[in-house]
Amino acid sequence: MSGMYFRSMGIPVIAGRAFTEADGAGARAAAIVSRSMARRLRPNASPLGQRIALAAPVVPSVAGKPTPTDWLTIVGVVGDVVQVKLTDPPPAAIYQPLGQVSGILFQSYPYFMSHVRFTVRTTADPLTAGRAMRNVIHGLDRDVPVEAVGPLGDVVSDQRQEPLFQTRLLIAFSLLALVLAVVGTYGVL
């Protein structure tokens, strides 16, 4: 995750700071937490400057007890973000700079990052920016597949299609039931 991620995605930095170039591979391990994670970690105080360790099987040294290199210092708090489905509540999240985690993850768990999403905020035509992104990625490595390129609005619209269809179907059946009830009541009278 680069320092411009939050700005590109329109995620507000509520407290502290976003990642900077100084948060690279050799720097002290930094983390930014979402608002809901901040409430979970420190309900009545700011989590800035606090240290956390990720107790997950992704980081090999955390199998039992965290080592000094497993600790992350919280440098910022950002707004909550819907990650998968629009109907799900935003999950608590911890963000780390890609330069600090990629070595550990790729060496021990090469399957961990099965795909990566790049985000670009542009005032130009999104399709033109998408072609430029595809060209840059293929310029770096011709064998890397680019699954999909498109505006974020299309992704959100795709998420809304199924609930919208279900709502319309429910309305249609409700109206049909209402018409049948009216006709049945009229027939009885």
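Let's start with Tyr-95, which is buried at a relative accessible area of 6% (buried means under 20%, exposed over 50%, and partly exposed in between, using a 1.4 Å probe and protein chains only). You're looking at a predicted model, where local features need pLDDT of at least 70, side-chain atom pairs count only at pLDDT 80 or more, and totals for chains, interfaces and linings use all residues. Residues are numbered from 1 along each chain as its sequence is written, and side-chain values use heavy atoms, with hydrogens and water left out.

**The overall layout**
- The chain has 5 helices and 5 strands; these are DSSP runs numbered from the N terminus, with helices being H or I of at least four residues and strands being E of at least two.
- Reading from the N terminus, you meet the elements in the order α-β-β-α-β-β-β-α-α-α.
- Out of 189 residues in the chain, 22% count as buried.

**Aromatic rings**
- There are 4 aromatic pairs in the structure; rings of Phe, Tyr and Trp (its six-membered ring) pair if their centres lie within 6.5 Å, and planes under 30 degrees apart count as stacked, over 60 as edge-to-face and the rest as tilted.
- One of these pairs is Tyr-5 with Phe-6, an edge-to-face arrangement at 5.4 Å centre to centre with 75 degrees between the planes.
- Tyr-5 also pairs with Tyr-95: their ring centres are 6.3 Å apart and their planes sit at 45 degrees, so this pair is tilted.
- Tyr-5 is in helix 1 (residues 5-9) while Tyr-95 is in strand 5 (residues 94-95), so their pair ties together parts that are 90 residues apart in sequence.
- Phe-6 counts as buried, at 1% relative accessibility.
- Put Tyr-5, Phe-6, Phe-19 and Tyr-95 together and you've got one aromatic cluster.

**The salt bridge**
- Side chains of opposite charge can pair when their charged atoms come close.
- How many salt bridges does a search of the whole structure find? It turns up 1, where the term means a side-chain nitrogen of Lys or Arg within 4 Å of a carboxyl oxygen of Asp or Glu.
- The partners are Arg-17 and Asp-23, whose side chains meet at 2.8 Å, N to O.
- Arg-17 is partly exposed at 32% relative accessible area, whereas Asp-23 is buried at 7%.

**Helix 5 and a surface patch**
- Helix 5 covers residues 152-188, and Val-156 lies in it.
- With 37 residues at 1.5 Å a residue, helix 5 should span 54 Å, and its end C-alpha atoms are indeed 54 Å apart (the expected span is 1.5 Å times one less than the number of residues).
- Where does helix 5 bend? The bend is at Gln-161, by about 30 degrees, and the proline Pro-163 follows within four residues; a bend is the angle between axes fitted to the seven residues ending at a residue and the seven starting there.
- Val-156 is partly exposed, at 33% relative accessibility.
- Val-82, Leu-86, Leu-152, Val-155 and Val-156 make up a nonpolar surface patch with about 380 Å² of accessible area together.
- Patches are built from residues with over 30% relative accessible area and no salt bridge, joining like charges within 9 Å and nonpolar side chains (Val, Leu, Ile, Met, Phe, Trp, Tyr) within 5 Å.

**Two strand residues**
- Ala-53, in strand 3 (residues 51-53), is partly exposed at 24%.
- The C-alpha atoms of Ala-53 and Pro-66 are separated by 6.6 Å, with their positions 13 residues apart along the chain.
- Val-75 sits in strand 4 (residues 71-78) and is buried at 16%.
- Val-75 and Ala-15 are 60 residues apart in sequence but 8.4 Å apart in space, C-alpha to C-alpha.

Terms used:
Accessible areas come from the Shrake-Rupley method with a 1.4 Å probe; for residues, only the protein chains shown count as cover.
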